[in-house]
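Hello,

Here is the structure for your files, with notes on what came out of it below. Please read them with the coordinates open.

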Amino acid sequence: MRLNFLPAYELKNMLQKREISSEDIASQCLKATERLQGKLNAYIYFDKEHMLSQARAADAYLKEICGSFNKKDGKYFDFTGIPVAVKDNICTKDIKTTCASKILSDYVPVYDATVIQRLKSQKYVLSGKLNMDEFAMGSSNENSAFGPVKNPWDTERVPGGSSGGPAAAVAAGLVPCSLGSDTGGSIRQPASLCGVVGLKPTYGLVSRYGLVAFASSLDQIGPITRNVTDSANLLSAICGWDEYDSTSINGGLHDYCQFLYDNIKGLKIGVPQELMSGGVDAAIKESVNGVLKLAESMGAVVEMTSLPSFEYALSVYYIIAPSEASSNLSRFDGVRYGYRNRDATSLRSMYRSTRAEGFGPEVKRRIMIGTYCLSSGYYDAYYEKAQRVRTLIINDFKKAFGKYDVLISPSSPTTAFKIGEKSDDPLSMYMSDICTIPVNLAGLPAISIPSGLSENNLPIGVQIIADTLREDLIFKTAYSLEKAINFNKLPVHLYEQ
Amino acid sequence: MKIISGQEVRHIAKLAELDFSEEELSKITSQLDDILEHVAIITRADTSGAEPTSHTLKISNVFREDKVRQSLAKEDALKNAPERCGDGFLVPKID
Amino acid sequence: MSSEKNNLKNSSYTDSSYETIIGLETHVELATNTKMFCGCALSFGAEPNSKTCPVCLGMPGTLPVINKRAVEFAVKIAIALHCKINSYSIFHRKNYFYPDMPKNYQISQYDYPLGSSGYLDVNMGDYTRRIGITRVHMEEDTGKLIHTGSSGRISESDSSIVDFNRAGTPLIEIVTEPDIKSPAEAKEYLVALRTLLLYLDVSDCSMEQGSLRCDANISIKKAGSQGMGVKTEIKNLNSFRFLQRGLEYEEQRQAALIENGEKVMQQTRHYDHITDSTKALRSKEEAHDYRYFPDPDLVPVFMDDDMVEGIKSSIPELPSAKIERYKSGFGLPEADSRFLASDKNTAAYFESCAALCKKDRLKSVSNWIIGDFTALLNKASISISSAKIKPSGLCSLIDMIESGKISIRSAKSVFEEMFNSGKEPQEIVKGKDMEQISDGSVLEKIIDDVINKNPSVVEQYKSGKEKAIGFLIGQVMAATKGKANPALVNEILIKRLKLNP
């Protein structure tokens with residue numbers, strides 16, 4: 001039995017029945033990781049001893065509460081003893097958090113992100129820190145100071161980005177689930193390219209405290225898992241109001257498992273024609289259409305619809321996100337933490353050389369765009385105008401959700417592309433996020449679930465979008481469609497080579 | 001027509017405290033120009049009556065009570081300092 | 001620079017030939033328990049970097065959360081300055097790199113400040129100047145830089161050390177309209193503002209420790225001419241005196257330039273109190289471009305009427321209202337009222353006395369406070385609130401004077417002893433045998449004795465030199481060691497001298 005390929009909810013059941021130990025799970029995950037790290041480069045950091053000692057501590061805890069199985073005292077958490085891997089832009093106390101950047105290559109946080117504190121309180125097992133595009137800027141995971149991550153389905157191809165590590169690690173069975181972050185599609189697009197489930201929750205549902213900021217009004221942490229049930233469980237574990245995040249939502253539901261039922265009869269599904277247009281591969285459109293047919297056969301009502309302002313979404317995003325980023329990344333200056341050019345003899349030359357050497361080209365490009373858009377004389381034409389167009393996009397969504405329960409679209413316009421294929425053309429790389437970006441601009445929840453494989457055996461993902469805080473509709477729809485699609489494929493061939 | 005000139009890029013680099021070599025500068029100037037040309041399509045959008053959105057959340061008045069929380073131990077505050085002097089962070093000559 | 005100094009000697013700035021226009025920007029550190037956006041305690045003089053946390057060190061991933069009390073304090077200040085409280089206000093990021101800024105942006109308010117369009121009336125003795133308040137906004141303070149090297153000057157040190165204890169301290173910026181017409185008015189504005197802030201109990205307003213800081217913009221123009229002169233910004237005006245002196249110097253310097261046909265440059269200048277002059281700071285390579293934009297980590301502050309009313313009700317009676325009440329309610333002169341209301345503790349002391357005393361004795365209370373009491377407090381450099389003399393003690397002393405129990409002269413020494421020991425006046429008077437002799441029969445004997453011993457003086461008096469009685473009174477006072485009731489002595493003496501042919 002390969003524990004590292006089992007869903008987290010099954011592992012939980014087996015742990016409760018004492019059929020396996022947390023250490024068993026950790027050992028198998030470690031074995032897989034040791035075998036595939038060289039091939040995939042999914043992790044930036046993992047430490048065998050540290051992982052095993054956490055697993056043993058979880059086992060001790062499970063043993064301690066052994067007598068109270070049937071008590072409803074909530075002591076049995078979904079993630080007690082379950083390994084979770086974490087994207088390396090989420091702060092972990094005493095464990096390096098690099099954002100895949102040279103500028104933070106030796107940075108050790110002195111505090112835990114709120115999501116980490118919550119998982120720690122469940123006695124989870126941190127399996128390690130995952131590779132990503134530097135500061136979450138990218139769609140291919142090629143912008144990492146620690147080298148690119150490879151797609152487990154085809155190691156010559158990218159896993160998507162920026163949560164390339166989290167998607168690849170879960171797809172390859174290195175770990176049952178992981179946490180990523182999504183600013184313009186950084187969870188859903190790699191999940192789609194790696195054939196796993198990636199959820200971007202409603203903005204504010206999960207605390208951003210401890211997530212190294214890229215674009216503060218868009219960033220959101222979310223789970224990457226191999227199935228919808230694990231996604232709901234992991235979201236339940238990390239969501240909820242946080243006094244350390246002014247933008248976290250107070251209230252809302254915190255047990256998303258209750259929405260995992262197989263019934264979408266009468267569900268009204270809208271399909272934005274703008275996301276099924278020329279820019280999207282034919283095979284992907286076909287796969288999404290297949291899913292829509294399934295949905296209809298299950299009693300859902302499917303209609304094409306139009307959200308005309310979507311044509312501006314990519315532009316709005318590439319003004320707002322870099323603008324916020326240019327300010328967020330100012331703090332990396334070689335004074336309090338991180339890399340510093342020690343040869344510089346004056347402050348300004350230290351700043352400039354530190355940042356020039358510490359940041360990679362894509363990060364610098366975005367800092368430059370953002371600085372320009374905010375600078376005197378250009379603010380109104382770029383940043384403020386983009387904020388106004390953002391309102392139009394939100395209004396289009398509002399209108400659509402007046403008519404439909406959910407919107408369904410592709411998660412990505414293409415399947416995984418070759419490493420190096422787009423790395424010299426920023427604009428065509430930016431196009432990778434056209435299906436996912438509008439969702440972030442409106443702060444909505446959306447999930448990507450696998451809908452099939454392309455002719456050359458590459459995963460395709462379908463995106464389900466719902467209105468603010470309607471994660472219930474997301475889970476109900478995703479759970480029903482997951483069953484109907486019955487994707488159930490993993491890149492197990494990796495282990496055979 | 002060029003949207004952004006090399007001179008402007010130099011000015012922006014200064015504001016952003018980034019050094020670029022001449023070669024990098026000409027490359028990034030043309031890349032920025034491409035990107036800015038692309039994003040310029042938003043000028044076509046009719047935003048009359050649309051307020052700017054900074055936030056998708058409709059929340060306000062989020063406050064913290066004025067209660068003291070434990071500060072970091074000094075050593076933790078200085079733990080990641082690239083260069084320190086005594087209990088302070090050391091920076092080179094301010095110019 | 002030296003030629004500039006020389007120019008000043010024959011400067012032709014006089015009050016009538018030029019008009020001065022001054023605007024002030026004042027920063028006030030609030031006396032909250034914690035910082036603006038995190039729970040670190042505020043501290044002055046703590047070990048470097050011992051009052052910091054991930055938030056105020058700008059560590060990656062951290063987020064700000066607004067201190068509620070800081071907002072309440074800011075609203076208090078804005079209300080006291082008659083500002084419009086804006087129902088919607090937001091925080092912006094002001095972006096620039098400097099090592100005392102943990103995030104390399106400062107969270108500040110920009111086009112939606114908390115309060116705007118207020119004023120402060122400043123009493124200038126013979127007139128009152130109403131100074132417009134453009135805005136009152138919230139922001140966070142920076143850390144502190146210590147420049148290495150013996151001089152402590154930035155230009156002479158090879159490196160600097162950063163201490164972030166102060167970073168994130170809640171700061172209120174108060175900006176005036178260019179309504180101030182002279183350096184003296186600028187000083188009085190700051191004095192009045194400080195008094196107001198101390199009444200509101202929102203800051204310790206220590207200029208020495210930097211919790212009250214002031215920058216000024218100043219320009220001059222020929223009297224009656226149109227338009228505005230070129231303004232300079234003066235920094236480092238860290239006391240009332242330096243504020244006035246720095247601006248006076250700058251007035252003279254600008255006038256000298258204009259007289260010599262030179263141009264005033266728009267620049268930032270640093271006031272040096274040792275040379276008593278201002279010096280241009282090295283001009284920055286390029287103008288600042290702060291790239292303000294709304295901070296996406298914070299949500300808007302909505303102030304509804306209930307919240308504003310709630311805060312308003314917590315504001316104590318302010319100096320201007322007190323002055324009116326002292327004048328009309330207590331019948332005190334304007335000058336007394338102003339003096340008593342100029343300090344929150346003095347006013348509180350006076351009002352405690354007022355609650356214990358008859359209304360017709362309040363002028364005496366005022367006299368004592370303004371005179372002997374203030375002199376002793378100044379000498380001891382303590383505040384009236386920590387003085388040993390309690391209001392009840394001062395009232396008893398005044399009672400004793402009014403009822404003729406002790407003379408004014410003895411009262412002064414009794415007061416001094418009360419000030420030093422904290423004893424009640426009755427106790428001091430008893431212990432020292434200082435009670436006034438007001439018993440006519442006792443005095444008569446002594447007076448007769450004095451008359452008998454000084455026949456020649458009595459003769460002078462009788463021959464019409466009425467002033468001679470003064471000597472006799474003096475003799476009686478000497479004989480009673482000053483305890484005789486002088487009015488009674490006078491009365492009896494006249495009676496006796498007339499009786500005795």
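Chain C and chain B are in contact through 54 residues of chain C and 34 residues of chain B. Please keep in mind that this is a predicted model. Between chain C and chain B an area of about 3,500 Å² is buried, and carbon and sulfur atoms account for 57% of that area. There are 3 salt bridges between these two chains. Lys74(B) and Glu47(C) form a salt bridge, with 2.6 Å between the closest N and O atoms. Polar contacts across the interface of chain C and chain B come to 23 residue pairs, both residues being at pLDDT 80 or more.

On the chain C side, the elements that give two or more residues to the surface touching chain B are strand E2 (66–67), helix H2 (68–80), strand E9 (144–147), strand E10 (159–163) and strand E17 (301–302). E10(C) contributes the most, with 4 residues. Sorted by class, the chain C residues that touch chain B are 29 nonpolar, 13 polar and 12 charged.

E10(C) also takes part in a sheet that includes strands of chain B. The sheet is open and has 4 strands, in the order E2(B)-E3(B)-E10(C)-E9(C), with antiparallel pairing. Its edges are strand E2 (84–85) of chain B and E9 of chain C, each of which pairs on one side only. Where the sheet passes from one chain to the other, E3(B) and E10(C) run antiparallel and are joined by 4 bridges. Leu90(B) has Ile161(C) of E10(C) as its bridge partner. Within chain C, another 4 bridges link E9(C) to E10(C), again antiparallel. Here Ile146(C) is opposite Ile161(C). Ile161(C) is therefore matched with Leu90(B) in one pairing and with Ile146(C) in the other; strands of a sheet pair through backbone hydrogen bonds, either parallel or antiparallel.

The other interface of interest is that of chain B with chain A. It takes 55 residues from chain B and 70 residues from chain A. About 5,500 Å² is buried between the two chains, 62% of it on carbon and sulfur atoms. Glu17(B), Ile42(B) and Pro82(B) together supply 13% of the area that chain B buries against chain A, more than any other three residues.

The salt bridges between chain B and chain A number 8. One of them pairs Asp94(A) with Lys79(B), whose closest N and O atoms are 3.3 Å apart. Polar contacts between chain B and chain A amount to 26 residue pairs, both at pLDDT 80 or more. The elements of chain B that give two or more residues to the side touching chain A are helix H1 (6–15), helix H2 (22–39) and strand E3 (88–92). H2(B) gives the most, with 10 residues. By class, the chain B residues on this side divide into 30 nonpolar, 9 polar and 16 charged. E3(B) thus appears both among the elements that touch chain A and in the sheet with E10(C).

A few backbone points are worth checking. Most residues other than glycine have a negative phi, and most peptide bonds are trans. Asp94(A), the salt-bridge partner of Lys79(B), has a positive phi near 65 degrees. Asp94(A) sits in the loop between strand E2 (83–87) and helix H4 (114–121) of chain A, and is exposed, with a relative accessible area of 51%. Asn61(B) also has a positive phi, near 50 degrees. Asn61(B) is in the loop between H2 and strand E1 (63–64) of chain B, and is partly exposed at a relative accessible area of 23%. Gly161(A) and Ser162(A) are joined by a cis peptide bond, with omega about 5 degrees. Ser162(A) belongs to the loop between strand E3 (125–130) and helix H5 (164–171) of chain A.

Lastly, chain C has a mostly covered strand, E12 (residues 212–222), in which 9 of the 11 residues are buried. E12(C) is joined to strand E1 (residues 18–29) of chain C by 11 bridges, the two running antiparallel. Leu24(C) has Ala216(C) as its bridge partner in E12(C). E12(C) also runs antiparallel to strand E13 (residues 232–235) of chain C, with 3 bridges between them. In that pairing Ile218(C) stands opposite Thr232(C).

Regards

How values were computed
Residues are numbered from 1 along each chain as its sequence is written. Chains are lettered from A and ligands numbered from 1 in the order in which they are written. This is a predicted model: local features need pLDDT of at least 70, side-chain atom pairs count only at pLDDT 80 or more; totals for chains, interfaces and linings use all residues. Side-chain values use heavy atoms; hydrogens and water are left out. Contact means heavy atoms within 4.5 Å. Buried area is the accessible area (1.4 Å probe) that two parts lose on being put together, summed over both. A salt bridge is a side-chain nitrogen of Lys or Arg within 4 Å of a carboxyl oxygen of Asp or Glu. A polar contact is a pair of N or O atoms within 3.5 Å; within protein, one must be able to donate a hydrogen and the other to accept it, and residues adjacent in sequence count only if both atoms are side-chain atoms. Ala, Val, Leu, Ile, Met, Phe, Trp, Tyr, Cys and Pro count as nonpolar, Asp, Glu, Lys and Arg as charged, and the others, Gly among them, as polar. Two strands pair if DSSP finds at least two bridges between them. Buried means under 20% relative accessible area, exposed over 50%, partly exposed in between (1.4 Å probe, protein chains only).
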